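Trainee: I should like to study this structure with you, beginning with the surroundings of the ligand. May we look at it together?

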Amino acid sequence: MSAVKVQLVPWTEKYRPARIADVVGNEEAKKKYVAWINSWVKGKPSKKAALLYGPPGSGKTSIVHATAKEFSWELIELNASDVRTREALQQRLLGALNTRSVLGYSGKIILLDEVDGISTKEDAGGLQAIVELIEKSNWPIVLTANDPWDPKLRPLRDLCELIEFKKIGKRDIMKVLENICSKEGVECSREVLSAIADNAKGDLRAAINDLQSLAMGKKTISLADLQILGDRAEQETIFDIVRSVLTAKYPEQALAVTRLPSLDYEMLMQWLSENIVYQYEPSLQAIADAYDALSWADIMLTRMKREQQWALLSYALELMTAGVASARERPPFKFVKYSFPEKLRILARSKEKREKFVRAVRGAAAKIHVSTSKFRTDVLPYLRVIYEHDKKRALEILRNLGVPEDALELATQ
Ligand SMILES: Nc1ncnc2c1ncn2[C@@H]1O[C@H](COP(=O)(O)OP(=O)(O)OP(=O)(O)O)[C@@H](O)[C@H]1O
């Protein structure tokens, strides 16, 4: 396996806004949100819950974290996957909901992340349980979603203040990046910041992750380093896909990557195989479980190809995504710069050599009227023995078989 990894606190966590005012962009959404929060502070909530919706990395989760800090409220954060059934929801929130806060908090706020991830088929009761939670709660509840218009969310929508978050503008993204650079003591020209911001397409999380990748191990990011960003952009989809699988909060999120039209599953196998260990260390349990799922995916893919059983593909895809993401005892998210798979690198390096060898074998086999596979099994082993004992003679035979000079040695290896 390649290069030693340096693991750092993700800058997206380190620089999460501490106050509502630090959440950049989305002025209108912020105004609406603050008015809703104020209605709670005054004791007369307009609606008991708010549904913050919009693209990833736009600040939906961050504004709730900032609210908790600013008001000294206890933050109770749940993911949709924690509350699939009414029992699960009650278990997680039992005691917390209608009791007073301790530990010096002056109130509570409940954050239910990614409610659009709840599947009504498999998680029967989950949505109904959230509806009941909203009706009974004495504390503000915030739900987040990327897509709020899913028909299954209708009962929730009716109970919530709907607040739309939009992509973050380039100028705001650059401002945040600039601030991080100055705090981290990283020198970075405006052209570089501008390129990172362009590349992120309104997703501040992606921009901060890119900046951290570029700054890894150095104090100055120059125009020349943009080359790396260029490479990253080319591989962007595979980087993002690997990150989605390895840091998925729940298995369905990892499974979602299988619906991407650009997914190259053979490539994904290689990338996961290279990077699981870095993302999941130090948990040996998580590493073992993830590689176990990946090896089953590999078995399914091999059987699928050998026996032309295409139905096995869906099992392979589930194993390499949801299976990997279901590893037990996964450590908390940390920033990892993913590596290009070593196997692919070696194959790419030896490609020219292998092609030359194949051409030489093909030519020699034709000369003595046998198939290439017959040549490999019935002729080459003898030639190798001759080569070991009498190099000159072996090379002469190969020359007579029409193997070009620059492939002579290759044919005997
Ligand atoms: N508007 C913002 N202001 C400041 N920082 C932000 C903003 N939006 C995102 N970030 C940064 O990006 C990170 C991810 O943002 P956040 O978790 O709030 O996104 P989100 O909109 O909830 O995305 P998702 O839908 O994927 O959960 C944050 O930790 C923070 O560092």
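Mentor: Let us begin with a definition: Ala, Val, Leu, Ile, Met, Phe, Trp, Tyr, Cys and Pro count as nonpolar, Asp, Glu, Lys and Arg as charged, and the others, Gly among them, as polar. Please keep in mind that this is a predicted model.

Trainee: How many residues of the shell around the ligand are nonpolar, how many polar and how many charged?

Mentor: The ligand has 20 residues around it, and Thr-12, Val-24, Lys-60, Thr-61 and Ser-62 come nearest. Sorted by the definition above, the shell divides into nine nonpolar, seven polar and four charged residues.

Trainee: Which residue places a polar side-chain atom 3.1 Å from an oxygen atom of the ligand?

Mentor: Two backbone approaches must be set aside, as each involves a nitrogen atom of the ligand: a backbone N or O atom lies 2.9 Å away in Val-24 and 3.1 Å away in Gly-59. The side-chain atom in question, 3.1 Å from a ligand oxygen atom, belongs to Arg-205.

Trainee: How much of the ligand does the protein bury?

Mentor: One starts from the ligand taken alone, which exposes 620 Å². Of that area, the protein buries 95%.

Trainee: Why is strand β1 described as largely enclosed by the rest of the structure?

Mentor: Ala-49, Leu-51 and Tyr-53 point one way from β1, while Ala-50 and Leu-52 point the other way, and all are buried. Five bridges join β1 to β4 in the parallel sense, and five join β1 to β5, also parallel. The strand is largely enclosed because the number of its five residues that are buried is five.

Conventions: Residues are numbered from 1 along each chain as its sequence is written. This is a predicted model: local features need pLDDT of at least 70, side-chain atom pairs count only at pLDDT 80 or more; totals for chains, interfaces and linings use all residues. Side-chain values use heavy atoms; hydrogens and water are left out. A residue is near a molecule or strand if one of its heavy atoms lies within 4 Å of it. A polar contact is a pair of N or O atoms within 3.5 Å; within protein, one must be able to donate a hydrogen and the other to accept it, and residues adjacent in sequence count only if both atoms are side-chain atoms. Accessible areas come from the Shrake-Rupley method with a 1.4 Å probe; for residues, only the protein chains shown count as cover. Buried means under 20% relative accessible area, exposed over 50%, partly exposed in between (1.4 Å probe, protein chains only). Helices (H or I, at least four residues) and strands (E, at least two) are DSSP runs, numbered from the N terminus. Two strands pair if DSSP finds at least two bridges between them.
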